[in-house]
Amino acid sequence: MLNTKFKLKSEYKPAGDQPKAILELIKGLEKGHKKQTLLGVTGSGKTFTMANVIEKIQKPTLVIAHNKTLAAQLAQEYKTFFPENAVHYFVSYYDYYQPEAYMPTTDTYIEKDAKINEEIDRLRHASTQALLTRHDVIIVASVSCIYGLGSPEEYSEENLFLEKGQKIIRNDILKRLIELYFERTNTDLKSGQFRATGSKIEIMPVSETFVYSILLGSDSTIKNIFKIDPISSKVLDNPKNIFLFPAKHFLTSKDKRNKAIKLIKLELETQLKKFKKEGKLLEAERLKRRTNYDLTMLKEFGYCNGIENYSRHLSGRREGAPPDTLLSYFPDDFLTIIDESHVSVPQIGGMYAGDQSRKKTLIEHGFRLPSAADNRPLRFEEFDKKVKQVIFTSATPAEYEREISGQIVEQIIRPTGLIDPEIEIKPVSQQVQDFIAESAKEIKKGGRVIATTLTKKMAEDLSAYLKDQKIKAEYLHSDIKTLERIKILTDFRRGKFDCLVGVNLLREGLDLPEVTLIGILDADKEGFLRSETSLIQIIGRAARNVLGRVILYADNITGSIQKAVGETNRRRKIQMDYNKKHKITPKTIIKKIHDITEEMESLHEKAVKAELNFDAKFFARNPAKLIKLKEREMGEAVKELDFETAAILRDEIKILKEKSEK
């Protein structure tokens, strides 16, 4: 295992309350505190503080965020701080996910329907492989990290080792790749695929964006191994040997699979007897048909749709035992940071109950065997047992964190000297018109504005109305896909539009230093979205800019408003006193704009874009001639069996034709 040290790189030094917080948290870890809380106000640099802690303690670290957008932002920040170390992003790989379910009242069965994002799947594999091969690893994950994942033992043991001079028959390599769930293709390679032509075998590892080219001699000896850039065909490296991990996380050796098949058959017989005894003949027939089909697939292909529902048998776990998850891939001693813990902790705790309710119905009506209930997220107590030392970070830690922490470290003074924003309270009756007028002032000065609503429909309607009023606005809520959310936020920071309208998605952890005004509509509607915690979090979004201010639209001063304003004023006093004492002039946070979607864009898409940019001048002069030239090049690429280039040219031609028709 590679034992590189964590090395923090930053042009900044800890400032404000950061030095004190770093020292206290490290002392707490050294004393053996299992739980600590960093109460850090918005914009105080909690991530930078935690990066300093990681560098000092030198432990693999799991950072948990409560949504994909925040996880993406944190992953980018940690990559910036640790460019020489392994920082990875682990979230659910579904762009769309409809879990398998049954509704008895209407006799409606809903089959599992999901669309997997291949790039996110690649990043998940990169995460697990990093944990198995090196020590200096930071994984930024969503709560999906507590869901079942294949066994790390099986995953690490089932690999293919190839080296120069090794004597191995070509077909044995191909057979082994298929056993590791790599797919064979004759076209352009994608992650987890291989292509074999003559004595050359090309493989794209599931966790990478490059290709290994294996050259075999006539005596079945590996003559050479090249690491190649699939776009330029440039040789990146000439390694002596390579390890290839499986293309799927759920996999089992043939012996274990055969044993699992026997156990599944026994469980099926037991459940069928139970159903027949209870007079559930329809359920018995349904279960028999579905399970036998899955068993046939497992026997013939080693895989079936919904294989995770048999994970207990395939992994050899006892009934009720916790599943293997991302946490199982970490070594015995690692650090866990739970970001925005007041939201993330309840989310971790709530996953199990919802999952079991759905599974129970499926089992009762013959859609799944009882063992499917063991394909589940961790219970909170299981999660708590698996993590070692934990640091909660939040501007508003909940009662749980306060009670369980060995110490609570406050980080109220920002390195920039910024103070919490001023708060103004205005009546609800004219909230939209007043917000428009106030927004126009801020936008004219070059600022950005945020409006928070109570519902998704209100966010969409307000966004449309603002556009009618000549304010460039976009809405953002949980129905928008992960990568699109990140792109919207990046465009907002870049000034492609001026007003972002959202619901609670805008509260925690979103780093938007360009924002100078936040309007909280219907602030006096007491409830989850307008609780003390929610209001403080929303107010904090304006604390990264020296001109930041907040307007609460309320006719009544609720208890939550009173507490939120009181806490904000308490912090403002501490901050202003500190600035006065140390003669500090507050400065707006300056932060580079990164877009993780650019990293997650496929190699194929990048290649098409590169071709379009290169041919832009030629296209402007003579579109028809360029298209004809590209079509000829595509035909030549196909003749030479260079399907990757042909596919790139095909997609470029399609875009060029669309442009020429406009």
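Q: How many bridges join strand β10 to β11 in this predicted model?
A: The model is predicted. Strand β10 covers residues 183-184. It runs parallel to β11, and Glu183 stands opposite Gln193 in β11. The number of bridges joining β10 to β11 is two.

Q: Which residue in β12 is the bridge partner of Gln193?
A: Strand β12 spans residues 200-204. β11 and β12 run antiparallel and are joined by five bridges. Across that pairing, the partner of Gln193 is Met204.

Q: What is the phi of Gly198, in the turn of the hairpin formed by β11 and β12?
A: The hairpin has two residues between its strands. Gly198 sits in that turn, and its phi is positive. The value is about 60 degrees.

Q: How many of the five residues of β11 are buried?
A: Strand β11 runs over residues 193-197. The strand is mostly covered. The buried count is four.

Q: In what order do the seven strands of the open sheet stand?
A: The pairing in this sheet is parallel. Neighbouring strands are turned by 20 degrees against each other on average, direction ignored. The order is β3-β8-β2-β17-β18-β1-β19.

Q: Which strands of this sheet stand at the edges?
A: An edge strand here has a single partner strand, so one side of it is left without a neighbour in the sheet. Two strands fit that description. They are β3 and β19 (408-411).

Q: Which residue in β17 stands opposite Leu62?
A: Strand β2 takes in residues 61-64. Four bridges join β2 to β17, and the two run parallel. The residue opposite Leu62 is Thr336.

Q: At what angle does α3 run to β3?
A: Helix α3 lies across several strands. They are β2, β3, β8 and β17. Relative to β3, the angle is about 175 degrees.

Q: Which element gives the most to the largest nonpolar core?
A: This core has 36 residues. The elements giving two or more residues include α1 (18-31), α2 (46-57), α3 (68-81) and β8 (137-141). With seven residues, the top contributor is α3.

Q: Which residues touch the most other members of the largest nonpolar core?
A: Tyr78 is one of them. Outside its sequence neighbours up to four places away, Tyr78 touches residues including Met50, Val87, Ile138 and Ile337. The full set is Val53, Tyr78, Phe82 and Ile138.

Q: How many residues are in the second, separate core?
A: This core includes Leu131 and Ile146. Phe245 and Ile348 also belong to it. The count is 28.

Q: Which residues of the UniProt "binding site" set belong to the lining of the second largest cavity?
A: The unreviewed UniProt entry lists Gly40, Val41, Thr42, Gly43, Ser44, Gly45, Lys46 and Thr47. From this set, the cavity lining takes in Val41 and Thr42.

Q: What is the relative accessible area of Gly40?
A: Gly40 lies in strand β1, residues 35-40. Beyond its neighbours within four places in sequence, Gly40 contacts Lys46, Ser394, Ala395 and Gln411. Gly40 is buried, with a relative accessible area of 0%.

Q: Is Val41 buried or exposed?
A: Val41 sits in the loop between β1 and α2. Leaving aside neighbours within four places in sequence, its contacts include Ile412, Arg414, Arg571 and Gln575. The relative accessible area of Val41 is 0%, so Val41 is buried.

Q: What is the relative accessibility of Glu438?
A: Glu438 belongs to helix α13, residues 431-444. Not counting residues up to four places away in sequence, Glu438 touches Lys426, Leu517, Arg549 and Ile551. Buried means under 20%. Glu438 counts as buried, at 8%.

Q: Is Glu340 buried or exposed?
A: Glu340 lies in the loop between β17 (335-339) and α10 (341-364). Its phi is positive, near 45 degrees, though the residue is not glycine. At 5% relative accessibility, Glu340 counts as buried.

Q: Is Lys470 buried or exposed?
A: Lys470 lies in the loop between α14 (456-468) and β22 (473-476). This residue is not a glycine, yet its phi is positive, at about 65 degrees. Exposed means over 50%. The relative accessible area of Lys470 is 75%, so Lys470 is exposed.

Definitions and conventions. Residues are numbered from 1 along each chain as its sequence is written. This is a predicted model: local features need pLDDT of at least 70, side-chain atom pairs count only at pLDDT 80 or more; totals for chains, interfaces and linings use all residues. Side-chain values use heavy atoms; hydrogens and water are left out. Buried means under 20% relative accessible area, exposed over 50%, partly exposed in between (1.4 Å probe, protein chains only). A nonpolar core is a set of buried Ala, Val, Leu, Ile, Met, Phe, Trp, Tyr and Cys residues joined through side-chain atoms within 4.5 Å. Contact means heavy atoms within 4.5 Å. UniProt positions are given in the numbering used here, feature names are shortened, and annotations may be inferred rather than shown by experiment. On a 1 Å grid over the protein atoms alone, a cavity is a set of points where a 1.4 Å probe fits but cannot get out, and a pocket is an open set with protein on both sides within 12 Å along at least five of seven lines; lining residues have an atom within 4 Å of a point. Two strands pair if DSSP finds at least two bridges between them. Axes are lines fitted to C-alpha atoms, for helices over the stretch in contact, and angles run from 0 to 180 degrees between N-to-C directions.
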